[in-house]
Amino acid sequence: MTADLFVKGARVVKPDAVVECGLAIREGVIVAALAPGETVDARRTIDAGGRYVLPGLLDTHLHLGTAAQSFDGDCASESRHAVTGGVTTLLPFVITRGSYVEVLPEMQKAVAAGSLVDMVFHAIITREAQIEEIPRLAHEFGVRSFTTFMAYKGREISPSGIQGMSDDQIFSVFRQVAKILGAIAIVHCENMEMIELHQQPFIAANRQDTAAWSDARPVFGELEAIRRMVAFAEAVGIELLIPHMGVGLGSEFLRQKAWGRGRVATETCPHYLLFDKDTDRGVMGKVNPPLRSVEHVEALWQRLVDGTVDVLGSDHCPFTKAVKGTDLWSARAGITAGSAMILPVLLTEGMRRGRLGIQRVVELTSANAARLFGLYPRKGALEVGSDADLVIVDLDREVKVDLRTLNSVVDFSPYEGWVARGWADTTIAGGQVVYEKGEVVAERPRGRYLARGG
Ligand SMILES: [Zn+2]
(Lines give C-alpha, C1' and ligand atoms only; values in the text may rest on other atoms or scores of the structure.)
Protein backbone atom coordinates (compact mmCIF):
# COMPACT_ATOMS: atom_id res chain seq x y z
CA MET A 1 0.00 0.00 0.00
CA THR A 2 1.16 3.53 -0.68
CA ALA A 3 -0.22 6.61 0.97
CA ASP A 4 -0.21 10.32 0.27
CA LEU A 5 0.58 11.08 3.88
CA PHE A 6 1.57 8.99 6.88
CA VAL A 7 1.25 10.34 10.42
CA LYS A 8 3.37 8.10 12.61
CA GLY A 9 3.87 8.10 16.35
CA ALA A 10 0.33 9.31 17.01
CA ARG A 11 -1.62 8.98 20.23
CA VAL A 12 -5.08 9.15 18.71
CA VAL A 13 -7.65 10.40 21.19
CA LYS A 14 -11.16 8.97 21.10
CA PRO A 15 -13.97 9.63 23.58
CA ASP A 16 -13.40 6.19 25.14
CA ALA A 17 -9.69 5.50 24.54
CA VAL A 18 -6.26 6.79 23.58
CA VAL A 19 -4.71 4.59 20.89
CA GLU A 20 -1.06 4.60 19.83
CA CYS A 21 -0.88 4.10 16.07
CA GLY A 22 0.08 5.51 12.70
CA LEU A 23 -2.52 6.93 10.32
CA ALA A 24 -2.19 6.31 6.58
CA ILE A 25 -4.01 8.87 4.45
CA ARG A 26 -4.91 8.65 0.79
CA GLU A 27 -7.11 10.95 -1.29
CA GLY A 28 -8.23 12.86 1.76
CA VAL A 29 -9.39 9.85 3.74
CA ILE A 30 -7.85 7.68 6.47
CA VAL A 31 -7.19 4.34 4.78
CA ALA A 32 -5.38 2.47 7.55
CA ALA A 33 -4.46 2.66 11.22
CA LEU A 34 -1.12 0.92 11.68
CA ALA A 35 0.30 -0.54 14.86
CA PRO A 36 3.25 1.33 16.42
CA GLY A 37 6.42 0.52 14.48
CA GLU A 38 4.61 -0.50 11.30
CA THR A 39 5.19 1.74 8.35
CA VAL A 40 3.88 2.48 4.89
CA ASP A 41 5.26 4.05 1.72
CA ALA A 42 4.08 7.63 1.63
CA ARG A 43 4.87 10.79 -0.27
CA ARG A 44 5.27 12.52 3.07
CA THR A 45 5.63 11.21 6.61
CA ILE A 46 4.99 13.34 9.68
CA ASP A 47 6.23 12.13 13.05
CA ALA A 48 3.73 13.09 15.74
CA GLY A 49 6.37 12.05 18.26
CA GLY A 50 3.91 10.47 20.67
CA ARG A 51 1.80 13.61 20.92
CA TYR A 52 -1.98 13.63 21.07
CA VAL A 53 -3.73 13.56 17.71
CA LEU A 54 -7.36 14.67 17.79
CA PRO A 55 -10.06 14.66 15.15
CA GLY A 56 -10.12 18.11 13.55
CA LEU A 57 -12.43 20.37 15.52
CA LEU A 58 -15.91 21.33 14.35
CA ASP A 59 -16.72 24.95 15.17
CA THR A 60 -20.49 24.71 15.44
CA HIS A 61 -21.08 28.47 15.45
CA LEU A 62 -19.65 31.47 13.65
CA HIS A 63 -20.83 34.34 11.48
CA LEU A 64 -19.43 34.94 8.01
CA GLY A 65 -20.16 37.69 5.52
CA THR A 66 -21.89 40.07 7.90
CA ALA A 67 -19.10 42.44 8.86
CA ALA A 68 -16.04 43.95 7.16
CA GLN A 69 -15.91 41.54 4.23
CA SER A 70 -18.14 39.69 1.81
CA PHE A 71 -19.07 36.07 2.51
CA ASP A 72 -16.41 35.02 -0.02
CA GLY A 73 -13.74 37.08 1.71
CA ASP A 74 -14.64 35.66 5.11
CA CYS A 75 -14.55 32.08 3.79
CA ALA A 76 -10.95 32.65 2.75
CA SER A 77 -9.62 34.61 5.72
CA GLU A 78 -11.58 33.00 8.54
CA SER A 79 -10.84 29.46 7.40
CA ARG A 80 -7.18 30.43 7.89
CA HIS A 81 -8.12 31.54 11.40
CA ALA A 82 -9.90 28.21 11.94
CA VAL A 83 -7.01 25.92 10.99
CA THR A 84 -4.76 27.94 13.32
CA GLY A 85 -6.76 26.35 16.12
CA GLY A 86 -7.11 22.86 14.63
CA VAL A 87 -10.63 23.50 13.33
CA THR A 88 -11.29 21.62 10.08
CA THR A 89 -15.06 21.98 9.76
CA LEU A 90 -16.90 25.27 10.11
CA LEU A 91 -20.65 25.56 10.62
CA PRO A 92 -21.36 29.21 9.80
CA PHE A 93 -24.70 30.92 10.23
CA VAL A 94 -25.67 32.29 6.85
CA ILE A 95 -28.17 35.10 6.46
CA THR A 96 -30.14 36.91 3.79
CA ARG A 97 -33.06 39.29 3.91
CA GLY A 98 -34.57 37.65 0.85
CA SER A 99 -34.88 34.08 -0.36
CA TYR A 100 -32.20 31.54 0.52
CA VAL A 101 -32.91 29.69 -2.70
CA GLU A 102 -31.39 32.64 -4.53
CA VAL A 103 -28.22 33.07 -2.44
CA LEU A 104 -27.22 29.58 -1.33
CA PRO A 105 -25.71 28.50 -4.68
CA GLU A 106 -23.23 31.40 -4.59
CA MET A 107 -22.43 30.75 -0.92
CA GLN A 108 -21.74 27.08 -1.68
CA LYS A 109 -19.40 28.11 -4.49
CA ALA A 110 -17.58 30.51 -2.16
CA VAL A 111 -16.65 27.61 0.12
CA ALA A 112 -14.99 25.67 -2.70
CA ALA A 113 -13.37 28.80 -4.12
CA GLY A 114 -11.91 30.19 -0.93
CA SER A 115 -12.08 27.97 2.13
CA LEU A 116 -9.38 25.73 3.55
CA VAL A 117 -11.96 23.72 5.48
CA ASP A 118 -15.29 22.01 4.87
CA MET A 119 -18.47 23.84 5.81
CA VAL A 120 -22.05 23.06 6.78
CA PHE A 121 -24.54 25.94 6.84
CA HIS A 122 -27.11 26.95 9.43
CA ALA A 123 -29.78 29.22 7.91
CA ILE A 124 -30.98 32.18 9.99
CA ILE A 125 -34.74 32.61 9.68
CA THR A 126 -35.99 36.16 10.25
CA ARG A 127 -39.02 36.42 7.96
CA GLU A 128 -42.34 34.68 7.32
CA ALA A 129 -41.43 33.95 3.69
CA GLN A 130 -38.29 32.17 4.84
CA ILE A 131 -40.32 29.91 7.14
CA GLU A 132 -42.19 28.72 4.07
CA GLU A 133 -39.02 27.75 2.18
CA ILE A 134 -37.49 25.65 4.99
CA PRO A 135 -38.40 22.22 3.48
CA ARG A 136 -36.96 23.31 0.14
CA LEU A 137 -33.68 24.36 1.75
CA ALA A 138 -33.36 20.90 3.25
CA HIS A 139 -34.19 18.96 0.12
CA GLU A 140 -32.40 21.09 -2.48
CA PHE A 141 -29.42 22.38 -0.50
CA GLY A 142 -28.94 19.97 2.38
CA VAL A 143 -29.44 22.72 4.97
CA ARG A 144 -30.93 21.04 8.02
CA SER A 145 -30.37 23.52 10.85
CA PHE A 146 -32.57 26.57 11.20
CA THR A 147 -31.85 29.42 13.57
CA THR A 148 -34.17 31.97 15.11
CA PHE A 149 -33.62 34.79 17.60
CA MET A 150 -35.74 35.76 20.60
CA ALA A 151 -33.65 38.89 21.20
CA TYR A 152 -32.54 41.45 18.55
CA LYS A 153 -35.86 43.24 18.49
CA GLY A 154 -36.59 46.97 18.26
CA ARG A 155 -33.44 49.05 18.72
CA GLU A 156 -31.35 45.87 18.72
CA ILE A 157 -32.16 44.74 15.18
CA SER A 158 -28.69 44.18 13.74
CA PRO A 159 -27.22 45.73 10.56
CA SER A 160 -26.30 42.12 9.72
CA GLY A 161 -30.01 41.43 9.21
CA ILE A 162 -30.39 39.49 12.45
CA GLN A 163 -33.84 40.23 13.79
CA GLY A 164 -35.82 38.58 16.56
CA MET A 165 -39.05 36.66 16.02
CA SER A 166 -42.16 36.30 18.13
CA ASP A 167 -43.04 33.06 19.92
CA ASP A 168 -45.66 32.10 17.34
CA GLN A 169 -43.19 32.60 14.49
CA ILE A 170 -40.54 30.51 16.25
CA PHE A 171 -43.14 27.82 16.92
CA SER A 172 -43.97 27.83 13.20
CA VAL A 173 -40.29 27.31 12.39
CA PHE A 174 -40.28 24.33 14.79
CA ARG A 175 -43.26 22.84 12.95
CA GLN A 176 -41.37 23.08 9.67
CA VAL A 177 -38.27 21.52 11.26
CA ALA A 178 -40.45 18.63 12.47
CA LYS A 179 -41.27 17.75 8.86
CA ILE A 180 -37.62 17.21 7.92
CA LEU A 181 -35.67 14.09 8.79
CA GLY A 182 -32.49 14.90 10.69
CA ALA A 183 -33.28 18.59 11.07
CA ILE A 184 -32.55 20.68 14.14
CA ALA A 185 -33.72 24.06 15.40
CA ILE A 186 -31.31 26.53 16.99
CA VAL A 187 -32.70 29.42 19.05
CA HIS A 188 -30.88 32.39 20.53
CA CYS A 189 -32.55 32.36 23.95
CA GLU A 190 -32.97 35.69 25.74
CA ASN A 191 -36.15 37.34 27.01
CA MET A 192 -36.15 40.62 25.06
CA GLU A 193 -38.87 42.31 27.12
CA MET A 194 -36.93 41.68 30.34
CA ILE A 195 -33.81 43.09 28.71
CA GLU A 196 -35.59 46.27 27.63
CA LEU A 197 -36.89 46.78 31.15
CA HIS A 198 -33.54 46.16 32.82
CA GLN A 199 -31.52 48.23 30.34
CA GLN A 200 -33.26 51.52 31.14
CA PRO A 201 -31.20 52.66 34.17
CA PHE A 202 -27.92 51.60 32.56
CA ILE A 203 -28.68 53.56 29.40
CA ALA A 204 -29.85 56.57 31.42
CA ALA A 205 -26.53 56.55 33.30
CA ASN A 206 -24.66 56.09 29.99
CA ARG A 207 -22.60 53.27 31.46
CA GLN A 208 -19.94 52.03 29.01
CA ASP A 209 -18.44 49.12 30.94
CA THR A 210 -18.81 45.45 30.06
CA ALA A 211 -20.69 44.71 33.30
CA ALA A 212 -23.39 47.22 32.36
CA TRP A 213 -24.13 45.31 29.18
CA SER A 214 -24.21 42.04 31.10
CA ASP A 215 -26.24 43.20 34.09
CA ALA A 216 -28.90 44.67 31.79
CA ARG A 217 -29.48 41.15 30.41
CA PRO A 218 -30.42 39.19 33.54
CA VAL A 219 -29.52 35.54 34.01
CA PHE A 220 -33.12 34.63 34.86
CA GLY A 221 -34.27 36.07 31.53
CA GLU A 222 -31.84 33.85 29.66
CA LEU A 223 -32.84 30.76 31.66
CA GLU A 224 -36.55 31.52 31.28
CA ALA A 225 -36.10 31.83 27.52
CA ILE A 226 -34.23 28.51 27.40
CA ARG A 227 -36.99 26.78 29.39
CA ARG A 228 -39.64 28.23 27.08
CA MET A 229 -37.87 26.92 23.98
CA VAL A 230 -37.38 23.50 25.59
CA ALA A 231 -41.14 23.43 26.19
CA PHE A 232 -41.80 24.37 22.55
CA ALA A 233 -39.41 21.65 21.34
CA GLU A 234 -41.17 19.11 23.55
CA ALA A 235 -44.58 20.16 22.25
CA VAL A 236 -43.55 19.87 18.60
CA GLY A 237 -41.20 16.92 19.04
CA ILE A 238 -37.98 18.24 17.52
CA GLU A 239 -34.29 18.39 18.25
CA LEU A 240 -33.17 21.78 19.61
CA LEU A 241 -29.71 23.24 20.10
CA ILE A 242 -29.34 25.92 22.76
CA PRO A 243 -26.39 27.89 21.37
CA HIS A 244 -23.80 29.98 23.22
CA MET A 245 -24.95 29.18 26.75
CA GLY A 246 -22.81 31.16 29.18
CA VAL A 247 -24.90 30.57 32.30
CA GLY A 248 -23.07 28.09 34.53
CA LEU A 249 -25.41 28.25 37.53
CA GLY A 250 -29.03 27.28 37.01
CA SER A 251 -28.49 25.58 33.66
CA GLU A 252 -27.89 22.12 35.15
CA PHE A 253 -31.39 20.96 34.18
CA LEU A 254 -30.25 20.86 30.54
CA ARG A 255 -28.29 17.71 31.41
CA GLN A 256 -31.62 15.89 31.13
CA LYS A 257 -31.44 16.14 27.29
CA ALA A 258 -34.86 14.62 26.54
CA TRP A 259 -38.28 16.08 27.28
CA GLY A 260 -41.02 13.91 25.83
CA ARG A 261 -40.41 13.86 22.10
CA GLY A 262 -38.09 16.85 22.29
CA ARG A 263 -34.33 16.45 22.51
CA VAL A 264 -32.05 19.28 23.55
CA ALA A 265 -28.32 19.81 23.08
CA THR A 266 -26.27 22.66 24.52
CA GLU A 267 -23.37 24.67 23.14
CA THR A 268 -21.00 27.03 24.89
CA CYS A 269 -18.20 29.26 23.60
CA PRO A 270 -14.59 29.84 24.66
CA HIS A 271 -15.26 33.43 25.75
CA TYR A 272 -17.76 32.30 28.40
CA LEU A 273 -15.08 29.97 29.78
CA LEU A 274 -12.33 32.60 29.86
CA PHE A 275 -13.84 36.06 30.35
CA ASP A 276 -16.05 37.30 33.17
CA LYS A 277 -18.24 40.39 33.03
CA ASP A 278 -16.45 42.23 35.84
CA THR A 279 -13.07 42.34 34.13
CA ASP A 280 -13.88 45.44 32.15
CA ARG A 281 -13.22 45.24 28.44
CA GLY A 282 -15.62 48.03 27.58
CA VAL A 283 -17.41 47.59 24.30
CA MET A 284 -15.02 44.76 23.30
CA GLY A 285 -16.81 42.56 25.85
CA LYS A 286 -20.25 43.25 24.39
CA VAL A 287 -21.76 39.98 23.25
CA ASN A 288 -25.20 38.35 23.32
CA PRO A 289 -25.94 36.51 25.51
CA PRO A 290 -23.57 38.50 27.71
CA LEU A 291 -20.50 37.51 29.69
CA ARG A 292 -21.38 36.42 33.23
CA SER A 293 -19.82 36.56 36.70
CA VAL A 294 -16.75 34.63 37.84
CA GLU A 295 -19.08 32.23 39.69
CA HIS A 296 -20.88 31.40 36.44
CA VAL A 297 -17.57 30.94 34.60
CA GLU A 298 -16.34 28.49 37.22
CA ALA A 299 -19.65 26.60 37.22
CA LEU A 300 -19.67 26.46 33.42
CA TRP A 301 -16.51 24.35 33.56
CA GLN A 302 -18.48 21.91 35.70
CA ARG A 303 -21.23 21.91 33.09
CA LEU A 304 -18.63 20.76 30.52
CA VAL A 305 -17.77 17.79 32.70
CA ASP A 306 -21.25 16.79 33.90
CA GLY A 307 -22.70 16.54 30.39
CA THR A 308 -24.86 19.67 30.45
CA VAL A 309 -22.82 21.13 27.60
CA ASP A 310 -22.43 18.98 24.48
CA VAL A 311 -20.55 21.07 21.93
CA LEU A 312 -18.22 24.04 21.61
CA GLY A 313 -18.83 26.77 19.08
CA SER A 314 -16.92 30.02 18.90
CA ASP A 315 -19.64 32.52 17.86
CA HIS A 316 -16.72 34.20 16.12
CA CYS A 317 -17.65 37.54 14.54
CA PRO A 318 -14.95 38.75 12.14
CA PHE A 319 -15.48 42.42 13.00
CA THR A 320 -13.00 45.22 12.55
CA LYS A 321 -12.98 48.15 14.99
CA ALA A 322 -14.84 50.23 12.43
CA VAL A 323 -17.60 47.62 12.15
CA LYS A 324 -17.82 47.01 15.89
CA GLY A 325 -18.31 50.65 16.87
CA THR A 326 -17.35 52.40 20.09
CA ASP A 327 -20.53 53.20 22.03
CA LEU A 328 -21.69 50.34 24.25
CA TRP A 329 -25.37 50.83 23.46
CA SER A 330 -25.08 51.06 19.67
CA ALA A 331 -22.00 48.92 18.89
CA ARG A 332 -22.37 45.53 17.24
CA ALA A 333 -22.59 42.59 19.66
CA GLY A 334 -20.09 39.79 19.20
CA ILE A 335 -16.64 38.57 20.20
CA THR A 336 -13.86 38.89 17.65
CA ALA A 337 -11.70 35.80 17.18
CA GLY A 338 -12.86 32.46 18.47
CA SER A 339 -12.59 29.54 16.09
CA ALA A 340 -8.86 29.34 16.80
CA MET A 341 -9.40 29.86 20.53
CA ILE A 342 -11.58 26.81 21.29
CA LEU A 343 -8.69 24.36 21.55
CA PRO A 344 -6.19 26.63 23.37
CA VAL A 345 -8.82 27.64 25.96
CA LEU A 346 -9.80 24.02 26.66
CA LEU A 347 -6.16 22.92 26.88
CA THR A 348 -4.90 25.88 28.92
CA GLU A 349 -7.78 26.58 31.26
CA GLY A 350 -9.30 23.09 31.17
CA MET A 351 -6.68 20.38 30.94
CA ARG A 352 -3.78 22.20 32.58
CA ARG A 353 -5.95 23.23 35.51
CA GLY A 354 -7.32 19.72 35.93
CA ARG A 355 -10.87 20.68 35.00
CA LEU A 356 -11.25 18.18 32.16
CA GLY A 357 -9.32 15.44 30.37
CA ILE A 358 -8.25 15.14 26.76
CA GLN A 359 -10.93 12.57 25.92
CA ARG A 360 -13.67 14.95 27.04
CA VAL A 361 -12.01 17.62 24.90
CA VAL A 362 -12.53 15.36 21.87
CA GLU A 363 -16.18 14.76 22.74
CA LEU A 364 -16.85 18.47 23.18
CA THR A 365 -14.95 19.73 20.15
CA SER A 366 -15.66 17.13 17.48
CA ALA A 367 -17.37 13.81 18.24
CA ASN A 368 -20.57 15.24 19.76
CA ALA A 369 -20.95 17.91 17.09
CA ALA A 370 -20.41 15.42 14.28
CA ARG A 371 -23.15 13.23 15.74
CA LEU A 372 -25.50 16.15 16.33
CA PHE A 373 -25.22 17.32 12.74
CA GLY A 374 -25.25 13.90 11.08
CA LEU A 375 -21.59 13.93 10.04
CA TYR A 376 -20.28 11.08 12.21
CA PRO A 377 -17.99 9.14 11.65
CA ARG A 378 -16.92 10.98 8.52
CA LYS A 379 -16.13 13.87 10.88
CA GLY A 380 -15.46 13.74 14.61
CA ALA A 381 -13.53 10.45 14.45
CA LEU A 382 -10.23 9.12 13.15
CA GLU A 383 -11.41 5.71 11.99
CA VAL A 384 -10.59 4.02 8.70
CA GLY A 385 -12.91 5.75 6.23
CA SER A 386 -13.11 9.02 8.17
CA ASP A 387 -12.04 12.23 6.45
CA ALA A 388 -8.37 12.91 7.13
CA ASP A 389 -9.12 15.96 9.28
CA LEU A 390 -6.87 15.99 12.30
CA VAL A 391 -4.79 18.11 14.60
CA ILE A 392 -1.51 17.20 16.25
CA VAL A 393 -1.47 18.95 19.60
CA ASP A 394 1.59 20.53 21.20
CA LEU A 395 0.75 20.68 24.90
CA ASP A 396 3.95 22.58 25.68
CA ARG A 397 3.65 25.31 23.10
CA GLU A 398 3.18 28.69 24.73
CA VAL A 399 1.60 31.39 22.63
CA LYS A 400 0.91 34.96 23.66
CA VAL A 401 -2.04 35.77 21.45
CA ASP A 402 -1.67 38.75 19.14
CA LEU A 403 -3.33 39.74 15.90
CA ARG A 404 -0.67 38.08 13.77
CA THR A 405 -1.13 34.73 15.52
CA LEU A 406 -4.88 34.79 14.92
CA ASN A 407 -4.67 34.74 11.09
CA SER A 408 -8.00 36.57 10.88
CA VAL A 409 -9.34 39.75 9.34
CA VAL A 410 -10.07 41.13 12.83
CA ASP A 411 -8.02 44.15 13.95
CA PHE A 412 -8.76 43.75 17.68
CA SER A 413 -9.72 40.94 20.00
CA PRO A 414 -10.28 40.43 23.72
CA TYR A 415 -7.92 37.45 23.41
CA GLU A 416 -4.95 39.71 22.62
CA GLY A 417 -2.35 39.31 25.37
CA TRP A 418 -3.82 36.08 26.76
CA VAL A 419 -1.14 33.40 27.08
CA ALA A 420 -2.12 29.94 25.86
CA ARG A 421 -0.23 26.86 26.94
CA GLY A 422 -1.21 24.20 24.42
CA TRP A 423 -1.77 24.90 20.73
CA ALA A 424 -2.16 23.13 17.41
CA ASP A 425 1.22 21.96 16.13
CA THR A 426 -0.05 20.68 12.79
CA THR A 427 -3.53 20.83 11.28
CA ILE A 428 -4.44 18.49 8.44
CA ALA A 429 -7.67 19.08 6.52
CA GLY A 430 -8.84 16.60 3.90
CA GLY A 431 -5.41 14.97 3.95
CA GLN A 432 -3.55 18.23 3.29
CA VAL A 433 -1.28 19.92 5.77
CA VAL A 434 -2.84 23.37 6.15
CA TYR A 435 -1.19 24.70 9.33
CA GLU A 436 2.24 23.83 10.62
CA LYS A 437 4.67 25.30 13.16
CA GLY A 438 2.72 28.49 13.61
CA GLU A 439 2.04 29.22 9.94
CA VAL A 440 -0.82 28.61 7.53
CA VAL A 441 0.86 26.56 4.80
CA ALA A 442 -2.07 25.54 2.59
CA GLU A 443 -1.26 26.02 -1.06
CA ARG A 444 -4.81 26.48 -2.28
CA PRO A 445 -8.42 26.35 -1.07
CA ARG A 446 -9.71 22.82 -0.60
CA GLY A 447 -12.94 23.23 1.34
CA ARG A 448 -16.18 21.57 0.38
CA TYR A 449 -19.74 22.53 1.08
CA LEU A 450 -21.31 19.56 2.84
CA ALA A 451 -24.98 19.02 2.09
CA ARG A 452 -26.57 17.19 4.99
CA GLY A 453 -28.77 14.24 4.22
CA GLY A 454 -31.64 12.96 6.31
ZN1 LIG B 1 -23.94 33.77 16.97
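**Exercise 1. Find which helices contribute to the lining of the largest cavity, and describe that lining.**

Solution. Helices α6 (192-204) and α8 (219-236) each supply at least two residues of the lining of the largest cavity. The model examined here is predicted.

Step 1: list the lining. The residues around the largest cavity are E190, N191, M194, I195, R217, P218, G221, E222 and R292.

Step 2: sort them by class. Three are nonpolar, two are polar and four are charged.

Step 3: state the volume. The largest cavity takes up about 40 Å³.

**Exercise 2. State how many cavities of 30 Å³ or more are counted, and describe the second largest.**

Solution. Step 1: take the count. There are two cavities of 30 Å³ or more.

Step 2: give the volume. For the second largest cavity it is about 30 Å³.

Step 3: name the lining. P55, G56, T88, R378, K379, G380, A381, L382, D387 and D389 line the second largest cavity.

Step 4: sort this lining by class. The second largest cavity has three nonpolar, three polar and four charged lining residues.

**Exercise 3. Determine how many disulfides the structure holds, and explain why C317 has no such bond.**

Solution. Step 1: recall the bond. A disulfide joins the sulfur atoms of two cysteines covalently.

Step 2: search the whole structure. The number of disulfides found is zero.

Step 3: check the distance for C317. The closest cysteine sulfur to that of C317 belongs to C269 and is 9.7 Å away, which is too far for a bond. The cut-off for a disulfide is a pair of cysteine sulfur atoms within 2.5 Å.

**Exercise 4. Decide whether C317 and C21 are buried or exposed.**

Solution. Step 1: apply the cut-off. Buried means under 20% relative accessible area.

Step 2: compare the values. C317 has 7% relative accessibility, so C317 counts as buried. C21 has 8%, so C21 counts as buried.

Conventions
Residues numbered from 1 in each chain as written. Predicted model: local features only at pLDDT ≥ 70, side-chain atom pairs only at ≥ 80, totals over all residues. Heavy atoms only, no water. 1 Å grid on protein atoms, 1.4 Å probe; cavity = no way out; pocket = protein on both sides within 12 Å on 5 of 7 lines; lining within 4 Å. Points joined across faces, edges and corners; volume = space filled by probe spheres on them. Helix = DSSP H or I, 4+ residues; strand = E, 2+ residues; numbered from the N terminus. Nonpolar A, V, L, I, M, F, W, Y, C, P; charged D, E, K, R; others polar. Buried < 20%, exposed > 50% of the residue type's maximum accessible area, 1.4 Å probe, protein only.
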